[in-house]
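User: I am new to this structure and would be grateful for a guided discussion of it. May I put my questions one at a time?

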Amino acid sequence: QVQLVESGGGLVQAGGSLRLSCTASVSISTITTMGWYRQAPGKQRELVARFTFARSINYADSVKGRFTISRDNAKITMYLQMSSLKPEDTAVYYCNIIQGVSYWGQGTQVTVSS
């Protein structure tokens, strides 16, 4: 059983920055598919950014140029650096790892005020 713990969410003004962290309970060095998703009130969960096969990275169009996903295998942690935040980025952010099955963290709230 893989456990994922997110942290780093909070309240920030538009234009500000936050860095989210997701720490896993297992090694992530061999995991090819892992990433960040978000869910705003009344909306479906959507992809924000993820690592895929061959360490390629996908970003949602809405966050390209503003968000950066990264990982530190030694710290078994994945990060999401978010800059130039907008009110529409307000959501609960979840990290996800696929290791045979899909594992999700509990989520961390990000609120961007205008």
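User: In which loop does I76 lie?

Analyst: The model discussed here is a predicted one. At 26% relative accessibility, I76 counts as partly exposed, because the range for that class runs between 20% and 50%. As for its place in the chain, I76 lies in the loop between β7 and β8.

User: What is the phi of I76, given that it is not a glycine?

Analyst: Most residues other than glycine have a negative phi. I76 departs from that tendency, since it is not a glycine and yet has a positive phi. The value is about 45°.

User: Which loop holds S84, and what is its phi?

Analyst: S84 lies in the loop between β8 and β9. Its relative accessible area is 42%, so S84 is partly exposed. S84 is a residue other than glycine with a positive phi, and the value is near 50°.

User: How many helices and how many strands does the chain have?

Analyst: Read along the sequence, the pattern is β-β-β-β-β-β-β-β-β-β-β. The secondary structure accordingly comes to zero helices and 11 strands.

User: In what order do the four strands of the open sheet stand?

Analyst: Strands of a sheet pair through backbone hydrogen bonds, either parallel or antiparallel. In this open sheet of four strands the pairing is antiparallel. The order is β1-β3-β8-β7.

User: Why is one side of β1 and of β7 left without a neighbour in that sheet?

Analyst: In the order β1-β3-β8-β7, the pairing is antiparallel. β1 (4–7) and β7 (67–72) each have a single partner strand, so one side of each is left without a neighbour in the sheet. Neighbouring strands of this sheet are turned by 15° against each other on average, direction ignored. The reason asked for is that β1 and β7 stand at the edges.

User: Which residue is the bridge partner of T68 in β8?

Analyst: β7 pairs with strand β8 (residues 77–82) in the antiparallel sense, over six bridges. In β8, the partner of T68 is Q81.

User: Which residue of β3 is the bridge partner of V5?

Analyst: β1 and β3 pair in the antiparallel sense over four bridges. Along β1 the side chains alternate: L4 and E6 point to one face and are buried, whereas V5 and S7 point to the other and are not. In β3, the bridge partner of V5 is T23.

User: Is S21 buried or exposed?

Analyst: S21 is placed in strand β3. Setting aside residues up to four places away in sequence, S21 touches V5, E6, S7, W36, T77, M78 and Y79. Its relative accessible area is 14%, under the 20% limit, and therefore S21 is buried.

User: Which residues touch the most other members of the largest nonpolar core?

Analyst: In soluble globular proteins, nonpolar side chains tend to be buried together. The largest nonpolar core here has 30 residues, and those that touch the most other members are W36, L80, M82 and Y93. The elements that give two or more residues to this core are β3 (18–24), β4 (34–39), β5 (46–51), β7, β8, β9 (91–99) and β11. To name the residues again, they are W36, L80, M82 and Y93.

User: Which residue in the turn between β9 and β10 has a positive phi?

Analyst: β9 and strand β10 (residues 101–104) pair in the antiparallel sense over four bridges, and N96 stands opposite W104 in β10. The two strands form a hairpin with one residue between them. The residue in the turn, with a positive phi of about 80°, is G100.

User: With which residues is S113 in contact, leaving aside its neighbours within four places in sequence?

Analyst: S113 is placed in strand β11 (residues 108–113). At 27% relative accessibility, S113 counts as partly exposed. From C-alpha to C-alpha, S113 and P87 are 5.7 Å apart in space, with their positions 26 residues apart in sequence. Beyond its sequence neighbours within four places, S113 is in contact with L11, V12, Q13 and A14.

User: What radius of gyration does the chain have?

Analyst: The C-alpha atoms fill a box of roughly 40 × 25 × 25 Å, taken along the principal axes. With 114 residues, a compact globule would have a radius of gyration near 13 Å. The chain agrees with this, at 13 Å.

Key
Residues numbered from 1 in each chain as written. Predicted model: local features only at pLDDT ≥ 70, side-chain atom pairs only at ≥ 80, totals over all residues. Heavy atoms only, no water. Buried < 20%, exposed > 50% of the residue type's maximum accessible area, 1.4 Å probe, protein only. Contact = heavy atoms within 4.5 Å. Pairing = 2+ DSSP bridges. Axes fitted to C-alpha atoms, helices over the stretch in contact; angles between N-to-C directions. Rg over C-alpha atoms; globule rule 2.2 N^0.38 Å. Core = buried A, V, L, I, M, F, W, Y, C linked by side-chain atoms within 4.5 Å.
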